[in-house]
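Subject: Structure handover

Hello,

Here is the structure I promised to pass on. Please open it first, then read the notes underneath.

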Amino acid sequence: MLSFTYADFADPSELNLLGVASVTGDNVLRLAPGTGGVGGAWYAEPQFVSVPFTTSFDFCMTGFLETYYSDEGLALVIQNYREDALMGGGQGLGYSGMLN
């Protein structure tokens, strides 16, 4: 069974960071800053997912009421569309309109 673990994001070389996504100075993956924007991160190597698999992750959302645009949502998306796929933000959560 495939396995990969990120204790932190000190080395994000196996990820495709898209849009405003970045790794902070303290090695945290930030998909979007509190000032708005659309960001995403895909594991760069395609994975075989037609058999059962498990996943787990920890996340933190901050800045909920600081601006209208901050932290509108989070989605775990499994896609086979494109390695640079990042669709519209807001209610689209970065994947609305993505074909699979």
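**Confidence and fold**

Strand E4 (residues 39-43) has the lowest mean pLDDT among the elements of the protein chain, at 84. Strand E2 (residues 22-23) has the highest, at 93. Bear in mind that this is a predicted model. Over the protein chain the mean pLDDT is 75. Of its residues, 70% reach 70 or more. Where pLDDT is low, the coordinates should not be read in detail.

The fold is quick to describe. The protein chain has four strands and zero helices. Along the sequence the pattern reads β-β-β-β. The protein chain has 100 residues, and 16% of them count as buried.

**Aromatic pairs**

How many aromatic pairs does a search of the whole structure find? It finds two. A pair of aromatic rings is described by the distance of the centres and the angle of the planes.

Take Tyr 6 and Phe 9. Their ring centres are 5.1 Å apart. Their planes meet at 15°, which is under the 30 degrees that marks a stacked pair, so this pair is stacked. Tyr 6 itself is partly exposed, with a relative accessible area of 24%.

Now take Phe 57 and Phe 59. Here the ring centres are 6.0 Å apart and the planes are at 40°. Why is this pair called tilted? Stacked needs planes under 30 degrees apart and edge-to-face needs over 60, so a pair at 40° is tilted.

**The nonpolar patch**

Phe 57 and Phe 59 come up again on the surface. Together with Leu 74 and Leu 76 they make a nonpolar surface patch of about 420 Å². Phe 59 is in the segment after E4. Are these two rings buried or exposed? Phe 59 has a relative accessibility of 53%; the cut-off for exposed is over 50%, so Phe 59 counts as exposed. Phe 57 is at 45%, and therefore counts as partly exposed.

**The segment before E1**

Three residues here are worth a look: Pro 12, Ser 13 and Glu 14.

- Pro 12 is found in the segment before E1. It is partly exposed, at 23% relative accessibility. Its C-alpha atom is 9.4 Å from that of Tyr 43, with the two positions 31 residues apart along the chain.
- Ser 13 is placed before strand E1 (15-19). It is exposed, with a relative accessible area of 55%. Ser 13 and Tyr 43 are 30 residues apart along the chain, and their C-alpha atoms are separated by 9.4 Å. The side chain of Ser 13 also makes a polar contact of 2.9 Å with the side chain of Asp 11.
- Glu 14 lies in the segment before E1 as well. At 41% relative accessibility, Glu 14 counts as partly exposed. Its partner in space is Ala 41: the two are 27 residues apart in sequence, and 9.9 Å apart from C-alpha to C-alpha.

**Asn 27 and Arg 30**

Where does Asn 27 lie? It lies in the loop between E2 and strand E3 (29-30). Its phi is near 65°, a positive value in a residue other than glycine. Most residues other than glycine have a negative phi. Asn 27 is partly exposed, with a relative accessible area of 26%.

Arg 30 is in strand E3. It has a relative accessible area of 43%, so it is partly exposed. The C-alpha atoms of Arg 30 and Leu 17 are separated by 9.7 Å. Along the chain these two residues are 13 apart.

**Where to start**

I would open the patch made by Phe 57, Phe 59, Leu 74 and Leu 76. Then go to Ser 13 and its contact with Asp 11. Finish with the positive phi of Asn 27.

Best wishes

Technical notes:
Residues are numbered from 1 along each chain as its sequence is written. This is a predicted model: local features need pLDDT of at least 70, side-chain atom pairs count only at pLDDT 80 or more; totals for chains, interfaces and linings use all residues. Side-chain values use heavy atoms; hydrogens and water are left out. pLDDT is the predictor's confidence in each residue, from 0 to 100. Helices (H or I, at least four residues) and strands (E, at least two) are DSSP runs, numbered from the N terminus. Patches are made of residues with over 30% relative accessible area and no salt bridge: like charges are joined within 9 Å, nonpolar side chains (Val, Leu, Ile, Met, Phe, Trp, Tyr) within 5 Å. Accessible areas come from the Shrake-Rupley method with a 1.4 Å probe; for residues, only the protein chains shown count as cover. A salt bridge is a side-chain nitrogen of Lys or Arg within 4 Å of a carboxyl oxygen of Asp or Glu. Rings of Phe, Tyr and Trp (its six-membered ring) pair if their centres lie within 6.5 Å; planes under 30 degrees apart count as stacked, over 60 as edge-to-face and the rest as tilted. Buried means under 20% relative accessible area, exposed over 50%, partly exposed in between (1.4 Å probe, protein chains only). A polar contact is a pair of N or O atoms within 3.5 Å; within protein, one must be able to donate a hydrogen and the other to accept it, and residues adjacent in sequence count only if both atoms are side-chain atoms.
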